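The exercises below go with the structure shown here. Try each task before reading its solution.

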Amino acid sequence: MTNEKTCKIVVVGSFIVDLSAITPAFPRDGESIVGKRLKIGPGGKGSNQATAASRAGGEVVMITKTGNDTFRSVCTDHYAREQMTDKYVYSDPNEDTGTAIIEVHEKTAENRIIVMKAANDHLTPAEVDAAEEEFRTCDAVLLQLESNFDAIREAIALAKKYGKTIVMNPAPAQKVPEGFFDGIDYFTPNETEAEFFSGIVVKDEESAFAAGRKMIAEQNVGCVIITLGKKGAAVVKKDLTMVVPTTDLKPIDTTGAGDAFNGGLTVALAEKRDIEDAVKFANCVASISVTRQGSSPAMPHRDEVEELYRNYYGK
């Protein structure tokens with residue numbers, strides 16, 4: 001696998017240890033069932049996206065916070081294996097490392113997730129500021145909503161200060177301060193998150209376009225890209241609407257699919273690809289990731305992404 005880096009990306013976001021139970025069925029209230037196996041590994045929206053971006057060709061600087069506990073080593077060991085810097089991986093002695101309880105349906109590949117943000121909610125603006133030089137020298141900044149809002153706001157301010165492309169994955173969907181997304185270049189909700197931020201149920205192409213247009217107007221963002229699962233992604237700008245179909249690879253675990261998409265998208269945008277090309281690249285990253293179990297460990301490498309791109313999209 002190639003380790004060639006084509007761009008530099010700063011990611012401010014969460015690190016979370018995934019505790020994934022593979023199960024033949026989801027339990028009902030009060031029901032206990034026998035699962036198939038348990039997997040413990042690195043996750044969190046920020047870290048998953050950082051891993052996807054790194055494997056897809058980005059030199060990634062991850063800014064995050066863990067507890068000073070056993071699970072911290074899951075984070076630092078992962079970044080050592082990925083050859084990613086842990087210079088800005090802070091620790092909080094008074095908080096736990098973030099964790100997620102994930103149920104993965106063995107047959108459908110669907111999942112149900114409970115996230116405990118823990119130390120991620122205590123990342124500070126000062127800790128983000130300590131990486132200002134990384135913002136100055138990067139090509140793009142990638143953000144989510146699993147960290148402290150004040151830290152995210154500081155990352156947005158630094159990215160704007162240096163004129164950097166900002167990709168915001170507004171997940172998990174939640175109420176944010178007024179004007180929080182002002183000036184974001186690319187806003188990347190899934191269907192559920194698009195409904196949360198627009199009030200429009202996304203059920204087809206036209207409703208996706210309507211939700212995108214409303215988010216551009218109300219959230220003051222430049223471009224909305226709504227991920228639509230197996231249907232691909234809807235792209236909405238003031239002068240453009242289109243759906244970019246995804247590949248036909250069969251999923252076995254959809255955990256982290258959106259994170260794979262966002263990591264791949266940010267690399268492609270940092271490489272100055274046009275929007276359709278960037279979304280196709282992101283679709284390939286996500287498509288490969290769901291053919292494997294887990295989240296961060298499932299992210300594909302650049303060679304694999306380029307091969308799928310050539311085979312499916314014909315370039």
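**Exercise 1: two helices side by side**

In this predicted model, α1 and α2 pack with their axes 11 Å apart and at an angle of about 10 degrees. Decide whether α1 is roughly parallel or oblique to α2, and describe their contact.

Solution.
- Step 1. Angles under 35 degrees count as roughly parallel.
- Step 2. The angle here is about 10 degrees, so α1 is roughly parallel to α2.
- Step 3. On the α1 side the contact uses S47, T51, S54 and R55, and on the α2 side H78, Y79 and E82.
- Step 4. By class, these contact residues are 1 nonpolar, 4 polar and 2 charged.

**Exercise 2: a left-handed crossing**

Work out how α6 and α7 are oriented, given an angle of about 50 degrees and axes 9 Å apart.

Solution.
- Step 1. Helix α7 covers residues 205–219.
- Step 2. Angles under 35 degrees count as roughly parallel, over 145 as roughly antiparallel, and 65 to 115 as roughly perpendicular, with the rest oblique.
- Step 3. The angle between α6 and α7 is about 50 degrees, which means α6 is oblique to α7.
- Step 4. The handedness of the crossing of α6 and α7 is left-handed.
- Step 5. A194, F197 and S198 of α6 touch A211, K214, M215, E218 and Q219 of α7.
- Step 6. The contact of α6 with α7 holds 4 nonpolar, 2 polar and 2 charged residues.

**Exercise 3: a right-handed crossing**

Describe how α9 packs on α10, starting from the angle between them.

Solution.
- Step 1. Helix α10 spans residues 302–313, and α9 spans 275–289.
- Step 2. The angle between α9 and α10 is about 115 degrees, and their axes lie 9 Å apart.
- Step 3. The two helices are therefore roughly perpendicular to each other.
- Step 4. The crossing of α9 and α10 is right-handed.
- Step 5. From α9, the contact takes D277, K280, F281, N283, C284, V285, S287 and I288; from α10, it takes R302, E304, V305, L308, Y309 and Y313.
- Step 6. Sorted by class, the contact of α9 with α10 has 8 nonpolar, 2 polar and 4 charged residues.

**Exercise 4: the largest pocket**

Which residues are closest to the centre of the largest pocket, and which elements supply its lining?

Solution.
- Step 1. The largest pocket holds about 1300 Å³ of space.
- Step 2. Its lining has 47 residues, of which N111, N190, T254, A257 and G258 are the closest to the centre.
- Step 3. Elements that each supply at least two lining residues are the strands β2, β6 and β7 and the helices α1, α6, α8 and α9.
- Step 4. The most comes from α8, with 5 residues.
- Step 5. The lining of the largest pocket divides into 16 nonpolar, 21 polar and 10 charged residues.

**Exercise 5: backbone details**

Find the places of Q83 and P172, and describe the backbone there.

Solution.
- Step 1. Most residues other than glycine have a negative phi, and most peptide bonds are trans.
- Step 2. Q83 is not a glycine, yet its phi is positive, about 60 degrees.
- Step 3. Q83 sits in the loop between α2 and β5.
- Step 4. The peptide bond from A171 to P172 is cis, with omega near -5 degrees.
- Step 5. P172 lies in the loop between β9 and β10.

Definitions and conventions:
Residues numbered from 1 in each chain as written. Predicted model: local features only at pLDDT ≥ 70, side-chain atom pairs only at ≥ 80, totals over all residues. Heavy atoms only, no water. 1 Å grid on protein atoms, 1.4 Å probe; cavity = no way out; pocket = protein on both sides within 12 Å on 5 of 7 lines; lining within 4 Å. Points joined across faces, edges and corners; volume = space filled by probe spheres on them. Helix = DSSP H or I, 4+ residues; strand = E, 2+ residues; numbered from the N terminus. Nonpolar A, V, L, I, M, F, W, Y, C, P; charged D, E, K, R; others polar. Axes fitted to C-alpha atoms, helices over the stretch in contact; angles between N-to-C directions. Left-handed = near helix turned anticlockwise from the far one by under 90°. Contact = heavy atoms within 4.5 Å.
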